[in-house]
Amino acid sequence: MKDARPCSIADTLALVGEKYSLLVLREVSLGATRFDQLVRNIGAPRDVLTARLKRLVEAGVLEKVEYSDRPKRYEYRPTQAGLELEPVLHTLMAWGDRHLQEGGFRPMVLEHTCGHELVPQVVCRECGEVVEHGHLTAHPQTPGWTATGPAVA
């Protein structure tokens, strides 16, 4: 069996694609940073949540900060890498609102500092144009791979 395509999406999903990992990031981004808050808001088993938090800390997405020494208690804060995942969460939420919620119901609305509801869009950093499917051209950087798969020898 040939190896799968080298891919940053696959590498990212290996970290944040585990059950509950993105929900941990959602909660931390909303300000729920303590273990008991995370258990309550996510509904994950404590042992599973402990494993996810450990993995996210080891990967540098969250940092574990002591807030009480008697007894020892910690909270979890996003690192720069964790903060950079927030737009992914916003985009996933918007997609879910459009395609999975019934009757226009949205469980959460985010308000930008400008006072308007956040409607996330991916835009080109250089020209500011909204990115759409037909606007992109893939340029594989891994030797032996084309945009559609392994290069034919």
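## Cavity, pockets and local features of a predicted model

At 16% relative accessibility, Tyr20 counts as buried; here buried means under 20% relative accessible area, exposed over 50%, and partly exposed in between, with a 1.4 Å probe and protein chains only. This is a predicted model, in which local features need pLDDT of at least 70 and side-chain atom pairs count only at pLDDT 80 or more, while totals for chains, interfaces and linings use all residues. Residues are numbered from 1 along each chain as its sequence is written, and side-chain values use heavy atoms, with hydrogens and water left out.

**Around Tyr20, Ser21 and Ala44**

Tyr20 sits in the loop between α1 (8-16) and α2. Helices (H or I, at least four residues) and strands (E, at least two) are DSSP runs, numbered from the N terminus. The backbone at Tyr20 deserves a look, with a positive phi of about 85° although Tyr20 is not a glycine.

Ser21 belongs to helix α2. Ser21 is buried, with a relative accessible area of 1%. Not counting residues up to four places away in sequence, Ser21 touches Leu15, Val16, Arg52 and Leu56, where contact means heavy atoms within 4.5 Å.

Ala44 can be found in the loop between α3 and α4, and is buried at a relative accessible area of 5%. Neighbours within four places in sequence aside, Ala44 is in contact with Tyr20, Val39 and Leu49. The C-alpha atoms of Ala44 and Lys19 are separated by 9.0 Å, with these positions 25 residues apart along the chain.

Another backbone feature to inspect is the cis peptide bond that joins Arg70 and Pro71, with omega about -5°. Pro71 lies in the loop between β1 and β2.

**Cavity and pockets**

The search runs on a 1 Å grid over the protein atoms alone: a cavity is a set of points where a 1.4 Å probe fits but cannot get out, a pocket is an open set with protein on both sides within 12 Å along at least five of seven lines, and lining residues have an atom within 4 Å of a point. Grid points are joined across faces, edges and corners, and a volume is the space filled by probe spheres set on the points. For the residue classes, Ala, Val, Leu, Ile, Met, Phe, Trp, Tyr, Cys and Pro count as nonpolar, Asp, Glu, Lys and Arg as charged, and the others, Gly among them, as polar.

| Space | Volume | Lining by class |
|---|---|---|
| Largest cavity | About 40 Å³ | five nonpolar, two polar, one charged |
| Largest pocket | About 470 Å³ | ten nonpolar, four polar, three charged |
| Second largest pocket | About 300 Å³ | six nonpolar, one polar, seven charged |

The structure holds one cavity of 30 Å³ or more. The largest cavity is lined by Leu25, Val28, Ser29, Pro78, Gly82, Leu83, Glu86 and Leu89. At least two lining residues come from each of α2 (21-30), α5 (80-83) and α6 (86-99), and α2 gives the most, with three residues.

For the largest pocket, 17 residues form the lining, and Arg26, Leu89, His90, Leu92 and Met93 lie nearest its centre. Two elements, α2 and α6, give two or more residues to this lining. The largest share, eight residues, comes from α6.

The second largest pocket has a volume of about 300 Å³. It is lined by 14 residues, with Phe35, Asp36, Arg73, Tyr74 and Tyr76 the closest to its centre. Here α3 (35-42), α4 (46-58), β1 (62-69) and β2 (72-78) each supply at least two lining residues, and α4 has the largest share with five residues.

**Cysteines**

A disulfide is a covalent bond between the sulfur atoms of two cysteines. With the criterion of a pair of cysteine sulfur atoms within 2.5 Å, the structure holds zero disulfides. The sulfur of Cys124 has its closest cysteine sulfur in Cys127, and the two are not counted as bonded because 3.8 Å is too far for a bond. Cys124 is partly exposed, with a relative accessible area of 29%, and Cys127 is exposed at 54%.

**Annotation**

The UniProt record (an unreviewed entry) places the feature "domain: HTH hxlR-type" at residues 7-104. UniProt positions are given in the numbering used here, feature names are shortened, and annotations may be inferred rather than shown by experiment. Over residues 7-104 the chain is 59% helix and 15% strand, with the end C-alpha atoms 35 Å apart.
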